[in-house]
Amino acid sequence: MTQILRTARPSRTSARSRRISGNRMGPLSTVLAWFYALLLAIPLYYLVTSALKTNIEIFTDPFALPTQWLWENFGEAWQSGSLGAGLANSVLISAVAVVLTLVLAIPAAYALARSEGKVAQAITSSFVAGFLIPPFAALIPTVVLAINLNLFYTREFQMLFLPASALPLSILLLTQFMKTIPHEIVESASMDGAGHFSILLRIFVPISLPGIVSVTILQVLGFWNEYLFSLTITGTGADVRTIQVALPTLISDSTNYGVLAAGTVIALVPVYIAYAALQRRMQDALTAGALKG
Amino acid sequence: MTATAPAPVKAKRRPPAILWLTTPSLAWYAFFTIGPLLGMFAIATLSWKGLIYPATFTGLDNFARVLTDPTFHDALRNSIVQVLIVIPIMMPLAFMLGYYLNTKPRGYRVLSVLFFTPGLISISIKGTMFYGVLSPNGGFNGLLEGIGLGGITTAWLANPATALGSIMAIDLWSGIGFTAVLFASRLSSVDTEVLEAADLDGAGTFRKMWRITYPIIKDYFGTLTMLQFLWTLFTSAALILILTKGGPGTSTTTLSFLVYQKAFSQQDLGYSQAVGVLLLLLGIIGMVLIRRILRSQA
C-alpha cells in the first residue's frame with residue numbers, strides 16, 4: 001500500500017522509493033486502522049438498532065436489525081426523561097454562556113493583541129495558568145459559591161459560571177488571531193479618528209471572524225456536553241436540568257434498554273447535525289483547542 | 001493559526017492604554033475560577049459535615065485522616081493504574097494512527113469521521129451507551145457468544161475483576177481516535193521534504209514515524225500527553241458515577257470519584273477537598289514527570 005507514505009502534498013520525485021518501502025507496513029496498518037474504526041462503529045450501530053427493539057430482542061439478537069421497528073421507544077424516552085425540556089435547557093444555557101464568553105473575551109483579546117509590556121504579559125500568563133487548573137477540583141467550592149449567591153439549582157448560575165471556565169482558551173486563541181492584523185490598518189483607522197470601539201468592531205471583529213467562529217463552536221460543544229457541573233449545580237429537577245443530566249436518569253433498576261438507547265440517540269442527534277453541517281470547521285476548532293494547553 | 005502568528009511590528013510610541021478592556025474578563029475569571037480554587041484549600045482545613053452544617057477549623061487533620069484511610073489507598077492505586085495503563089497505550093497508538101491518517105489512505109474521510117466521533121459525544125452519552133453495551137445481556141457479551149467465546153462473558157461493570165478494566169477500555173476506545181485526528185492535523189503541516197529524503201535513504205515506515213517525524217512534533221506530543229493525563233486523572237469521576245458508582249467495593253473508586261463521593265454522598269467536605277488538594281498536587285507532579293520523560297528520550 002503506497003498510501004502509508006503519501007503525505008499531504010505528495011511530490012512526484014520519489015514515488016518509486018515510496019512504493020517500495022511502503023509495501024512492508026502498509027497492509028497491516030490499513031487493517032489495524034479499519035479494525036479500530038470497526039470498534040468505534042459497532043457500539044454506535046448497537047446503540048441505534050437497540051433503540052428500535054424490545055429488551056428481549058436486544059438480549060437474544062444483539063446485532064440483528066429489529067424485526068419490528070419500535071419507534072415508540074423514542075416517544076417513551078422523550079416522555080419519561082422529559083428530554084424536550086432537557087434539550088431546551090441545554091440550548092438556553094449554551095447560548096447565553098457562549099454570548100457572554102464572547103462579550104468578555106473579544107475586548108480582552110483585542111486589548112492583549114494591541115498591547116506589549118509587562119502588564120500585558122502578566123495578564124496573559126494568568127490566563128495561561130488557567131489551563132492547569134482542573135475545573136473539577138473546585139467543584140465543591142463552586143457549589144458553595146452558588147449557594148451563597150442564592151443561585152443553587154438554577155440555570156442562571158451555569159450561564160454565569162461556564163464562561164469563566166472558557167475564558168482562558170477563548171482569550172488566548174482570539175489574541176493569536178488578532179495579533180496577525182497588520183498595524184498599518186489600525187494606524188490609518190486611528191488617523192481617521194476612529195476610537196477603540198469602532199476599531200474593534202469595524203476592523204478586528206470582521207478580520208478575526210474565522211477565529212471567533214472557531215471559538216464559538218469549541219465552547220458551544222463544551223457547554224453542551226458538560227455533565228458533572230450541570231448535575232451538581234443546576235441539579236436534576238426536570239424543569240432546569242440539561243439533556244446530559246436528563247439522559248442517565250433513564251437508567252433504572254428495571255432498565256428498558258431500548259428506551260435508554262433511544263434517549264441516547266436523541267441526545268446524539270443535535271451534535272451530529274451540527275457536525276455534518278460544520279465538519280471542517282468543527283475539526284479545526286477542536287484541533288485548535290487542543291493545540292493550546 | 002496558533003503559535004505561528006507573527007508578533008506585531010514593534011511600535012515606537014507607547015502602547016495604547018487599553019488594557020482596562022481586560023478587567024471584566026479578569027474579574028469574571030477571578031470570581032468563578034480562582035476563588036473556588038482557593039476555596040478548595042480553605043475547605044480542606046475544615047471539619048464540615050455538609051453544606052447546611054456549621055464548619056470548624058481543624059488544620060491538617062483531614063490530610064492525616066485521608067492519608068491513613070484504606071479507601072484513599074485504593075483510590076490512589078486505581079488512579080495510578082488507570083493513568084499508567086491508559087496513557088502509555090493511548091499516546092503511541094494515537095500517534096501512529098494519526099501518522100497513517102495523514103497519509104490520506106483510501107477511505108480516510110470515513111476513518112476520520114469515525115475517529116473523531118468520540119470527541120463529539122458527551123460523557124453521559126458515552127456512559128449510557130456503554131451501560132447497555134457492557135450490561136450482562138448487552139452487546140459485548142452478545143458479541144463474545146457470537147464468536148464462540150461465550151465462556152468469558154461476565155457482568156463487566158459489576159465484576160470487581162473487570163470493572164476498572166472496563167472503564168479504562170472506554171477511555172482508550174474514545175481517546176485513541178480523537179487524539180489521532182489531532183495528531184493528523186498537526187502532522188499535515190510537517191514539511192514533506194524531510195520524509196522524502198528519508199525515503200531515498202531507504203528508511204522504513206517505523207523509522208520515519210519515530211526517528212524523523214516524532215522529534216519534529218515532540219512538543220505537540222508532550223502537550224497532548226499532558227492533556228490526556230489530566231483528562232484521565234480529573235474527569236474519570238463523571239463516567240464512573242454513571243457506570244459503577246465506584247464499585248463493586250472500591251474497585252473503580254478513583255481519586256476524582258472519591259472527591260465527588262465524599263462531598264455528595266458521604267457528607268464529608270473537608271475530607272473531599274483534602275483529596276482534591278492531593279489530586280491537584282498529583283496532577284502537577286505527573287505533568288513535571290511527563291515532561292522529564294519525554295525530554296530525556298531524545
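## The overall form of chain A

In this predicted model, chain A has a radius of gyration of 24 Å, whereas a compact globule of 293 residues would have one near 19 Å. Another way to picture chain A is through its C-alpha trace, which spans about 75 × 70 × 35 Å along its principal axes.

What is chain A built from? It contains 14 helices and 0 strands. If you follow the sequence from one end to the other, the pattern reads α-α-α-α-α-α-α-α-α-α-α-α-α-α.

## Inside and outside

Let's look at how the residues of chain A are packed. Of its 293 residues, 55% are buried. Contacts also link parts of the sequence that lie well apart: taking pairs at least 6 residues apart in chain A, 68% of the contacts join residues at least 24 apart.

Now for the outside. Chain A exposes about 12700 Å², and carbon and sulfur atoms supply 66% of that area. Chain A also carries 17 positive and 13 negative charges, and the mean positions of these two groups are 20 Å apart.

## A closer look at one residue

Let's zoom in on a single serine, S170(A), which you can find in helix α7 (residues 155–179) of chain A. Is S170(A) buried or exposed? S170(A) counts as buried because its relative accessible area is 0%, and the cut-off for buried is under 20%.

Which residues does S170(A) touch, leaving aside those up to four places away in sequence? They are T101(A), A105(A), V215(A) and Q219(A). I106(A) makes a useful landmark too: it is 64 residues from S170(A) along the chain, yet the C-alpha atoms of the two are separated by 8.4 Å.

## How confident is the model?

For the model as a whole, the scores are ipTM 0.85 and pTM 0.86. Turning to chain B, the mean pLDDT is 88, and 94% of the residues of chain B reach 70 or more. Among the elements of chain B, helix α3 (residues 70–102) has the highest mean pLDDT, 95, and helix α8 (residues 192–200) has the lowest, 80.

Two stretches of chain B deserve some care. Over residues 1–5 of chain B, pLDDT stays under 50, and the model gives this stretch 9 contacts beyond four places in sequence. The pLDDT is also below 50 over residues 9–13 of chain B, where the model has 7 contacts beyond near neighbours in sequence. Where pLDDT is low, predicted coordinates should not be read in detail.

Definitions and conventions: Residues are numbered from 1 along each chain as its sequence is written. Chains are lettered from A and ligands numbered from 1 in the order in which they are written. This is a predicted model: local features need pLDDT of at least 70, side-chain atom pairs count only at pLDDT 80 or more; totals for chains, interfaces and linings use all residues. Side-chain values use heavy atoms; hydrogens and water are left out. Helices (H or I, at least four residues) and strands (E, at least two) are DSSP runs, numbered from the N terminus. The radius of gyration is taken over C-alpha atoms; the globule rule is 2.2 Å times the number of residues to the power 0.38. Buried means under 20% relative accessible area, exposed over 50%, partly exposed in between (1.4 Å probe, protein chains only). Contact means heavy atoms within 4.5 Å. Accessible areas come from the Shrake-Rupley method with a 1.4 Å probe; for residues, only the protein chains shown count as cover. Lys and Arg count as positive and Asp and Glu as negative; His and the chain ends are not counted. The place of a charge is taken as NZ of Lys, CZ of Arg, CG of Asp or CD of Glu. pLDDT is the predictor's confidence in each residue, from 0 to 100.
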